[in-house]
Amino acid sequence: MTSHRDLDQILRNAAEPVAPRGRQPLAQQLLDDIVRTDPTTPAAPVTMTARTRRPRLALAGAALVLAAAAVFTVNAVGADGAYASWTNDPSPLPASEAQSIAARCVPAGTQSAQVAIGERRGEYAYVNVRTADGSITCFRDHDGRVHDTSVLASPVDAALLGTRGIELYAWPQLHTEEGYARLMAGRLGTQVKAVEVTVRHQDGTSGPAIRATVSDGYFAAWYPEGLEESNTNSTSLTLRLADGSTVGGLAARDLMEEPMLN
């Protein structure tokens, strides 16, 4: 059987340079620090603190560093179903309602939690909360239950997005009792006034444009999705700028790897 020290060394040998994301050296710096540590030094014991909310997936060490740009946890798994009242066009979510959802979603003690944007589609409400560590997406189901996904990310400085840039904070798949849904949230350049999301299926067909909510430089949208579609569809974004021009063909998968700066 491979000992934990052998496994530790294998992981260190397998570590590869972290691709730059938005000119941020933090991920590479953290990986370098981990690889440089003495593997013979026992790790400090981990202290677990009591939580008042349901537990989240905890990532540690190299796994956290390597996955920090696009890691999420999904809660509340149920049976397949349909989001019958979902609409392509969102409606506003009152600030008090967004705050109430965030209060039920964000773990106690989270630093600098602030609602960035919220929207409503049919019976459902969706909120993106910025925190000191990244962002948290909160989804309120038709029956009032609130689901959360935690995205570990280091958002770039908004100034780097310029006039027509975009950063995707989150693109997790969520499973509720009604079925799967895909959540999306991020930040925009100063001249981006609208965002349209297009989901192209494996057979080449695509659904109608899904219009995102855009407010104060942030955007959010969500849409129902089949389980198998998570690996077969191609989701793209089109940005509509204040001068009437567009920036299209932006693959969501690419944006999760690297923001488009301007």
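The following exercises, with worked solutions, concern a predicted model.

**Exercise 1. Establish the strand order of the open sheet with 4 strands, and determine which strands stand at its edges.**

Solution.
- Step 1. The open sheet runs in the order β11-β10-β14-β15, with antiparallel pairing.
- Step 2. β11 (210-211) and β15 (246-251) each have a single partner strand, so one side of each lacks a neighbour in the sheet, and these two strands stand at the edges.
- Step 3. The contact of β11 with β10 (residues 192-200) consists of 2 bridges, and the two strands run antiparallel.
- Step 4. One residue pair can be named here: Val-197 has Ile-210 in β11 as its bridge partner.

**Exercise 2. Determine which residues of helix α4 (residues 95-105) are buried, and how they are placed around the axis.**

Solution.
- Step 1. Taking buried as under 20% relative accessible area, one finds Glu-97, Ala-98, Ile-101, Ala-102 and Cys-105 in α4.
- Step 2. These residues span an arc of only 135 degrees around the axis, and therefore lie on the same side of α4.
- Step 3. Ala-95 and Ser-96 are exposed, on the face of α4 that is turned away from the buried side.

**Exercise 3. Describe the largest nonpolar core and identify the strand that gives the most to it.**

Solution.
- Step 1. The largest nonpolar core comprises 40 residues.
- Step 2. Within this core, the residues with the most contacts are Met-184, Phe-219, Trp-222, Leu-237 and Leu-239.
- Step 3. The strand that gives the most is β13 (residues 218-224), with 6 residues.
- Step 4. A second core, separate from this one, has 12 residues, among them Leu-93, Val-106, Val-127 and Cys-138.

Technical notes
Residues numbered from 1 in each chain as written. Predicted model: local features only at pLDDT ≥ 70, side-chain atom pairs only at ≥ 80, totals over all residues. Heavy atoms only, no water. Pairing = 2+ DSSP bridges. Buried < 20%, exposed > 50% of the residue type's maximum accessible area, 1.4 Å probe, protein only. Arc of directions from axis to C-beta. Core = buried A, V, L, I, M, F, W, Y, C linked by side-chain atoms within 4.5 Å.
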